[in-house]
Amino acid sequence: MDINKLLKLSQKPNLFEKSETDFWDDEHISKKMLEAHLNPDWDAASRKISTINLSVEWLENDIFSDKDIKILDLGCGPGLYDFKLAKRGYSITGIDFSKRSINYAKKSATESNLDIKYIYQDYLTIDFESEFDVIMLIFCDFGALTNDERDILLNKVYRALKPGGIFIFDIFTDRNRDERDLGKSWGISKDGFWNKKPYLSLTETFIYSEDDTFLDQTIVMTEDEDINIYRLFNHYYTKSTITNTLNQFGFKNHAYYSDITGKEYSEESKTLAVVTTK
Ligand SMILES: C[S@@+](CC[C@H](N)C(=O)[O-])C[C@H]1O[C@@H](n2cnc3c(N)ncnc32)[C@H](O)[C@@H]1O
């Protein structure tokens with residue numbers, strides 16, 4: 001076991017320093033991820049199904065203006081929201097860069113006779129102009145972006161929306177920081193989430209207080225001493241910091257909720273859902 005290598009890898013990395021390993025599109029991890037998306041009782045890769053149902057009800061009853069709107073779902077995963085919305089008559093385009101999730105979504109839509117357009121693409125490269133009434137980015141993916149990536153996305157979303165169109169997304173708030181200690185944990189697994197070979201995983205949370213960001217870093221070591229490192233950064237926001245950000249990109253009339261089911265905004269909430277207008 002190369003302890004010196006482990007020592008080096010377990011140092012706190014620079015803010016948003018990427019790991020070289022693929023995460024969303026890794027052959028094994030994406031398989032486990034799809035299982036997590038599809039488990040109706042897990043709040044893991046997607047929210048559990050009871051929450052998704054509440055979200056769809058809320059979007060339809062309180063947020064969407066009428067049935068005749070075009071919706072773009074960024075980071076759509078296997079399309080759990082899209083199927084429900086398409087069944088209610090909305091026109092949907094979903095974009096994701098997990099090949100496994102997009103393939104699943106395409107196949108399920110075809111099998112259910114739903115006319116949903118799915119695109120395998122990095123959503124930071126979209127190039128639409130005044131095309132959508134609604135753009136959504138659900139399950140706190142916004143916070144995984146570096147500030148530069150976030151700014152690219154906000155420009156592209158603004159451009160892709162029709163005038164008066166809305167952008168809906170959720171983020172983690174600073175309430176997570178207070179409860180996240182600088183914890184370390186380990187696991188040992190066979191055909192587990194990170195690798196199909198038996199592995200040892202060492203997970204640590206790092207906080208970057210000045211940049212309102214935390215990192216969950218996992219080092220995964222297999223029997224043959226193959227070592228991979230996975231970094232999931234998350235920029236958390238407050239109502240005030242996200243308002244300032246959105247204002248810089250021309251969005252207006254921001255509405256805030258505690259979560260993506262439309263629960264009333266509370267300062268205590270660990271998530272914040274935002275509906276903002278072009
Ligand atoms: C946490 S999952 C949420 C999936 C879906 N929105 C849901 O709530 O069921 C995040 C999804 O975003 C996708 N994703 C992350 N970054 C992306 C990017 N830059 N471009 C396209 N898809 C991305 C991942 O592949 C994954 O399917």
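S258 is in contact with K263, E264, Y265, S266, S269, T271, L272 and A273, leaving aside neighbours within four places in sequence. The model is predicted. This briefing starts at S258, then moves to V274, the nonpolar cores, the ligand and a few residues in loops and helices.

**S258 and V274**

- S258 is found in the loop between β10 (252–257) and β11.
- S258 counts as buried because its relative accessibility is 4%, and buried means under 20%.
- V274 lies in strand β11.
- V274 is buried too, with a relative accessible area of 0%.
- Along the chain, V274 and S258 are 16 residues apart. Their C-alpha atoms are separated by 8.8 Å.
- V274 touches F167, I168, F169, I171, L246, A255 and Y256, not counting residues up to four places away in sequence.

**The nonpolar cores**

- The largest nonpolar core has 32 residues. Those with the most contacts inside this core are I63, F64, I71, M136 and I168.
- Several elements each supply at least two residues of this core. The helices are α3 (49–63), α4 (80–87) and α5 (99–111). The strands are β4 (132–137), β5 (161–172) and β11 (271–277).
- Apart from this core lies another, of 29 residues. Among its members are L145, F167, F251 and L272.
- L272 of that other core is also one of the contacts of S258. F167 of that core is touched by V274.
- I71 touches F64, L85, Y90, S91, I92, T93, F132, V134 and M136. Residues up to four places away in sequence are not counted here.
- F64 and M136, both touched by I71, are listed with I71 among the residues with the most contacts inside the largest core.

**The ligand and its shell**

- There are 17 residues around the ligand. Of these, S46, G75, D96, D122 and Y123 come nearest.
- The shell divides into eight nonpolar, six polar and three charged residues.
- G75 places a backbone N or O atom 2.7 Å from a nitrogen atom of the ligand.
- F97 has a polar backbone atom 3.1 Å from a nitrogen atom of the ligand.
- D96 uses its side chain: a polar atom there lies 2.6 Å from an oxygen atom of the ligand.
- Taken alone, the ligand exposes 590 Å². The protein buries 95% of that.

**Two residues with positive phi**

- N113 has a positive phi of about 60 degrees, although N113 is not a glycine.
- N113 is found in the loop between α5 and β3 (117–120).
- N113 counts as exposed, because its relative accessibility is 74% and exposed means over 50%.
- F139 is another residue other than glycine with a positive phi, near 90 degrees.
- F139 lies in the loop between β4 and α6 (147–160).
- F139 counts as buried, at 17% relative accessibility.

**K87 and D115**

- K87 is found in helix α4.
- K87 is exposed, with a relative accessible area of 62%.
- K87 and D115 are 28 residues apart in sequence. In space they are 9.4 Å apart, C-alpha to C-alpha.

Methods:
Residues are numbered from 1 along each chain as its sequence is written. This is a predicted model: local features need pLDDT of at least 70, side-chain atom pairs count only at pLDDT 80 or more; totals for chains, interfaces and linings use all residues. Side-chain values use heavy atoms; hydrogens and water are left out. A residue is near a molecule or strand if one of its heavy atoms lies within 4 Å of it. A polar contact is a pair of N or O atoms within 3.5 Å; within protein, one must be able to donate a hydrogen and the other to accept it, and residues adjacent in sequence count only if both atoms are side-chain atoms. Accessible areas come from the Shrake-Rupley method with a 1.4 Å probe; for residues, only the protein chains shown count as cover. Ala, Val, Leu, Ile, Met, Phe, Trp, Tyr, Cys and Pro count as nonpolar, Asp, Glu, Lys and Arg as charged, and the others, Gly among them, as polar. A nonpolar core is a set of buried Ala, Val, Leu, Ile, Met, Phe, Trp, Tyr and Cys residues joined through side-chain atoms within 4.5 Å. Buried means under 20% relative accessible area, exposed over 50%, partly exposed in between (1.4 Å probe, protein chains only). Helices (H or I, at least four residues) and strands (E, at least two) are DSSP runs, numbered from the N terminus. Contact means heavy atoms within 4.5 Å.
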